[in-house]
Amino acid sequence: MGNALRFLYRNCCEPTTQESNQYQYGVPPPSANQYQYGVPPPKAAATAGGVSALAHDLNHFQNTSQVPEGLSQLVVSSKKAQANWYTKLLQSWKEAKTAPKTPEQASRLVIQTLKHHQKADVEGLLKYYGLPLPHNLVEVPAVVTNPTSRPQGVKFELHTLPVDAKAIPDGDTLTVYVNAADPREAPNVPKAVHAAASQRAKARAVRDYPKADALHKTIIDAGYRVLSGTNNEDILAKKYRVRFRGIDCPESKMPFGQEAKQELTKLVEGKCLLIHAYEEDRYGRIVGDIYCNGKFVQEVMLKKGCAWHYAAYDKRPELAKWEKEARTARVGLWAATNPQEPWEWRKNKRAGN
């Protein structure tokens with residue numbers, strides 16, 4: 001066993017001469033705590049060279065805040081901007097449920113993390129590590145683990161596109177988008193929306209951006225939006241506003257309101273969701289149960305002390321149980337002596353108090 005471990009260390013984990021010299025000149029090796037977040041040590045875990053090189057540079061950046069010297073030859077942005085990329089990539093890598101192990105997985109992480117940056121920079125970064133470019137990737141639908149059966153009362157299901165953090169106003173509501181090509185959505189897309197989307201694409205192709213923006217406004221007014229996909233392709237999507245069934249979180253201006261919003265953002269940002277829609281409320285929002293990567297979001301929010309069980313509208317005993325557990329443990333909002341219920345806060349606000 002000892003010989004096997006030494007063989008693996010020499011071939012996978014042992015620093016190169018250059019790396020050893022870096023440590024001699026004051027750059028410390030990655031600590032054990034860093035590995036807990038999913039960023040592997042230099043040349044470890046991933047067998048694909050580009051993935052290993054990216055992992056190594058992320059670890060190096062975490063220790064030194066330095067980006068690779070040769071990267072500037074392939075990108076147009078400044079070193080300061082590059083440092084911002086590595087900060088975001090390091091965070092994404094840490095938060096990934098499973099650290100990238102293949103070039104395709106690493107490429108997707110880079111593209112998703114830097115989707116709002118210049119296309120030339122993203123492609124330059126991918127080229128630097130020899131990772132697949134966007135147009136060479138085969139689109140793989142996001143996997144959402146469905147409940148074993150559809151509960152009674154569910155009227156329909158929504159399978160969303162990745163959630164944008166800007167679409168999360170508080171801990172129990174969000175705006176989601178569903179691909180208009182979805183079998184449930186496709187028959188209902190107005191012809192005028194399809195036409196506007198096609199004309200917008202043509203306007204953008206000839207850089208007539210004022211016309212493209214005007215057409216996009218027409219699409220948005222109809223309840224749709226054109227989003228950018230993983231490979232920077234246009235996706236026509238239907239907009240839905242969603243209210244979480246059975247829980248009530250502090251409003252954003254209430255104590256612990258921002259914490260609840262941040263917890264939800266951490267849970268669903270960039271993820272595709274499964275939504276079981278039960279009804280529509282008086283504000284035109286879908287009221288539903290939300291699932292993210294197999295997790296029941298309402299359960300997570302209750303157990304972390306980010307929400308009340310909204311017993312006036314939902315009698316499910318498991319929701320009451322999860323709230324009681326959080327109360328007993330005094331986690332989240334329950335650490336306060338006497339937290340105010342959000343429905344009472346809203347009532348007082350309407351009364352002008």
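pLDDT is the predictor's confidence in each residue, from 0 to 100. I am working with a predicted model, where local features need pLDDT of at least 70, side-chain atom pairs count only at pLDDT 80 or more, and totals for chains, interfaces and linings use all residues. Residues are numbered from 1 along each chain as its sequence is written, and side-chain values use heavy atoms, with hydrogens and water left out.

**Confidence.** I looked up the chain average first: the mean pLDDT is 83, and 81% of the residues reach 70 or more. Among the elements (DSSP runs: helices H or I of at least four residues, strands E of at least two, numbered from the N terminus), helix α2 (residues 17-24) has the lowest mean, 36, and strand β5 (residues 247-248) the highest, 98. Residues 1-48 fall below 50, yet I find 62 contacts (heavy atoms within 4.5 Å) from this stretch beyond near neighbours in sequence. Where pLDDT is low, the predicted coordinates should not be read in detail.

**Cores.** Next I checked the largest nonpolar core (buried Ala, Val, Leu, Ile, Met, Phe, Trp, Tyr and Cys joined through side-chain atoms within 4.5 Å; buried is under 20% relative accessible area, with a 1.4 Å probe and protein chains only). Of its 33 residues, L174, V268, L273, V297 and M301 touch the most other members. Elements supplying at least two residues each include β1, β6 and α10. Leaving out residues up to four places away in sequence, I see M301 touching I247, C249 and L264, among others.

**Strand β1.** In β1 (residues 156-159), F156 and L158 form the covered face, E157 and H159 the uncovered one. β1 pairs with β6 (residues 273-280) in the antiparallel sense over 4 bridges; pairing takes at least two DSSP bridges. I noted E157 opposite H276 of β6.

Note on methods
Buried means under 20% relative accessible area, exposed over 50%, partly exposed in between (1.4 Å probe, protein chains only).
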